[in-house]
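Open the model in your viewer and keep the sequence panel at hand. This tour goes stop by stop, with something to select at each.

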Amino acid sequence: MASPEGDAQALLAFKAAADPGDRLTFSPTSDHCRWPGVSCSADGKVYRLLLESAGLTGTFPNGTLGSLDQLHFLSLQDNALVGPLPDDLSGLRSLKALFLDRNLFAGSFPASLLSLRGLRALDLSHNRLSGPIPAALATLDGLIALRLEGNRFVGSLPAFNQSSLKSFNVSGNHLSGAVPITAVLASFDPSAFADNPGLCGALVRKECVSSASFFPRGGRSPAASAAAPSPIATQALLSSSASRSRVSHKSAVTAIGFLIGAVALVGIFTASFVIRKKRTKQQGEILALEKNTMNSATSISEINVESYNEEIDSMSNELEAAAALAMAISEERVKRLSMNGCLVFCAGEAPIYNLEHLMRASAEMLGRGSLGSTYKAVLDSRMAVTVKRLDKKKLGSMAKEGFERQMDTVGRLRHPNLVPLRAYFRSNEERLLVYDFQANGSLYSLIHGSRSTRAKPLHWTSCLKIADDVVQGLAYIHQSSCLIHGNIKSSNILLGSDFEACLTDSCLSFLLEPSDNQNDSGYRAPEARNSLQQLTPSSDIYAFGVLLLELLTGKPPLQHPVLIPPDLPVWVRSVREDAACDERLMMIIDIAAACIHSSPECRPTTWQVLKMIQEVKETDTGDTDNDSTFIS
Ligand SMILES: Nc1ncnc2c1ncn2[C@@H]1O[C@H](COP(=O)(O)OP(=O)(O)OP(=O)(O)O)[C@@H](O)[C@H]1O
């Protein structure tokens, strides 16, 4: 075992290679345990090394940190380190969490990592790593988080099936072939595999095309078998799913629901819809049913999140710290932050937690957006909140100057169809926004689903209910506060506890540089595509019109054809595949057409849209059975 002096030498060797800019103040004459980012155990051995966003621009070669045998946590996240990763990491035998993401590392996956059987969290995302993802990675039992997205990995995806795995992403690589069908991989959203043009199979909703066919014409090709789970694969999936110790009976039932396939699901959905409909016509229930039945994979992952939280509870402090590290904010930084800023609760609400509680919460990344990363954080009190960590590099000058003033205004917004901003934090190095966590997920996942089961658009009455909710929230923003939402899209509409649609990320566009034109999602009004200064209530209405079409067709905006208004109903009805022409459906299409007018002056105002939607709701076609004929 290396001595404490050996650890100091290792740190100095690392600094010599990684820090040509001399940013790290590691002085050989002082105690290495007091060097910035270094934490030691009582015997002077390095226990934790957190050098995130430290301006490191050199390399991470062999003969540096690999000898730190008591190192539990290593984070070099968000630097500009180049070159290959060292291949002597097997010496890090105590390592639990390794975060090397957002650097410029190249070369292949370091094989020496595969011997670290205690590893719980590995994040190599957003580098330039290439070559295959080693199959042995799938044998690292106990791995909780594996993030490899945004690299150049090639070849096939190993059959990950560790029941411990709760956070997983290989998107944005060059992987190819069928995604193996395992219970664990099936529990992740397809976005975890996205942007790998060569990947195919049921889990990514893309049929595998095989050049060589071993089956006669008309029979099922091996590739087709990969795309649709075979009875054997299904059986295996079910039994392995059932064996996942912490997954409840409820989740097994949900998993079975997922596996019986789209056709059966539609049948079940139709039957249960009709039964339910006899009981009540409550739109919230219809939505709940749509979500629970059609979007079963989301339910699985939600249940996994619950079991993850239970697991986290029962784990050692080390693992809780690893989860906190997933929020990429180190303890040292928490201390620094607490000294430099405080958490401000909005709308005069009493503080019920503080920054330290928030930073120590077990965290799970929900996604990365235009302003930064968003996390679900579960506090010690079991309360779940959503924390948006703003990325300094993406913020414009207003984010620096008018931040508090603007956030106070936004934080005062309270409406049943808005996700409330509960608190915000600002210091020189961090800006955080805290919202209520919405456990029923986003409209994006409701519409586009997590599985091939979401093959058809939502029932149009659900579309109407959602549109009504969204426009009510929007009217409140536009009227009472003279603000604009600025980023209406399906991932920014979340489903509340009664499946009411709630707008989130309201009024945050001021945080971006006015010239930011990165948003090419299809929701941005033509006049605002090159300058955020052109965002107005009318550009919100444009985005709302695009959203209406997304709701009605189930197609993401970038797949909407450019059509003149008379052709819109033809397209919508062709996509919906419902031959019947309900007057109210046509009225909704008309509203969408008016909202997406290229000229802002010709679009209806928010109040007009609100009124039109009410009119649709009040229109009585006299066709009482109509709803069930439109079930999708
Ligand atoms: N309060 C919340 N509760 C539950 N999920 C949320 C909450 N806020 C955001 N999400 C989800 O987290 C994910 C990431 O959100 P984020 O806002 O960072 O990115 P985005 O919505 O994709 O893009 P943008 O930054 O442009 O809004 C999205 O899928 C979003 O639906």
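In which loop does D195 lie? Select D195: the loop runs between α2 (183-186) and β13 (198-200). Bear in mind throughout that this is a predicted model.

**Stop 1: two residues with positive phi**

Stay on D195. Its phi is positive, about 55 degrees, although D195 is not a glycine. Show the surface here. D195 has a relative accessible area of 64%, and the cut-off for exposed is over 50%, so D195 counts as exposed.

Now select F499. This residue is not a glycine either, yet phi is positive at about 65 degrees. F499 sits in the loop between β20 (493-495) and β21 (501-503). Is F499 buried or exposed? F499 is buried, with a relative accessible area of 9%. So the two stops contrast: D195 is exposed, whereas F499 is buried.

**Stop 2: strands β12 and β13**

Go to the strand that follows the D195 loop, β13 (198-200). Select C200, which lies in β13. C200 counts as buried, at 9% relative accessibility. Add G177 to the selection and draw a distance between the C-alpha atoms. They are separated by 5.9 Å, although C200 and G177 are 23 residues apart along the chain.

Next, pick H174 in strand β12 (residues 174-178). H174 counts as partly exposed, with 46% relative accessibility. Which distance separates H174 from G150, C-alpha to C-alpha? The answer is 9.5 Å, across 24 residues of sequence.

**Stop 3: D123 and R368**

Select D123 in strand β7 (residues 121-123). D123 is buried and has no salt bridge. What is the nearest side chain of opposite charge? For D123 that side chain is R368, 5.1 Å away. A salt bridge needs the nitrogen and the carboxyl oxygen within 4 Å, so at 5.1 Å R368 does not form one with D123. Show S125 as well: the side chains of D123 and S125 make a polar contact at 2.6 Å.

Now center on R368. This arginine forms a salt bridge with E149, with the closest N and O atoms 3.8 Å apart. The pair links distant parts of the chain, 219 residues apart. R368 is in strand β15 (residues 362-368), and E149 is in the loop between β9 (145-147) and β10 (152-155). Color the two by accessibility. R368 is partly exposed, at 35% relative accessible area, while E149 counts as buried at 5%.

**Stop 4: K388 and D505**

Select K388 in strand β17 (residues 384-390). Then add D505. Their side chains make a polar contact at 3.1 Å. The pair also forms a salt bridge, with the closest N and O atoms 3.1 Å apart. Why does this pair tie together parts that are 117 residues apart in sequence? Because K388 lies in strand β17 and D505 lies in the loop between β21 and α16. K388 counts as buried, at 7% relative accessibility. D505 counts as buried too, at 10%.

**Stop 5: more salt bridges**

How many salt bridges are there? The count comes to 18. Try K15 and D19, where the closest N and O atoms of the salt bridge are 2.9 Å apart. K15 is buried, with a relative accessible area of 12%. D19 is buried as well, at 5%. Then select D7, K45, D69 and R93 together: salt bridges link them in a network.

**Stop 6: the second largest pocket**

Finish at the second largest pocket, which holds about 500 Å³ of space. Select Y542, P561, V562, L563 and I596: of the 23 lining residues, these are the closest to the pocket centre. The elements that give two or more residues to the lining are α16 (537-553) and α17 (568-576). Which of the elements gives the most to the lining? That is α16, with 3 residues. Color the lining by residue class to see how it divides: 15 nonpolar, 5 polar and 3 charged.

Conventions:
Residues numbered from 1 in each chain as written. Predicted model: local features only at pLDDT ≥ 70, side-chain atom pairs only at ≥ 80, totals over all residues. Heavy atoms only, no water. 1 Å grid on protein atoms, 1.4 Å probe; cavity = no way out; pocket = protein on both sides within 12 Å on 5 of 7 lines; lining within 4 Å. Points joined across faces, edges and corners; volume = space filled by probe spheres on them. Helix = DSSP H or I, 4+ residues; strand = E, 2+ residues; numbered from the N terminus. Nonpolar A, V, L, I, M, F, W, Y, C, P; charged D, E, K, R; others polar. Buried < 20%, exposed > 50% of the residue type's maximum accessible area, 1.4 Å probe, protein only. Lys, Arg positive; Asp, Glu negative; His and termini not counted. Polar contact = N/O pair within 3.5 Å; in protein donor to acceptor, adjacent residues only side chain to side chain.
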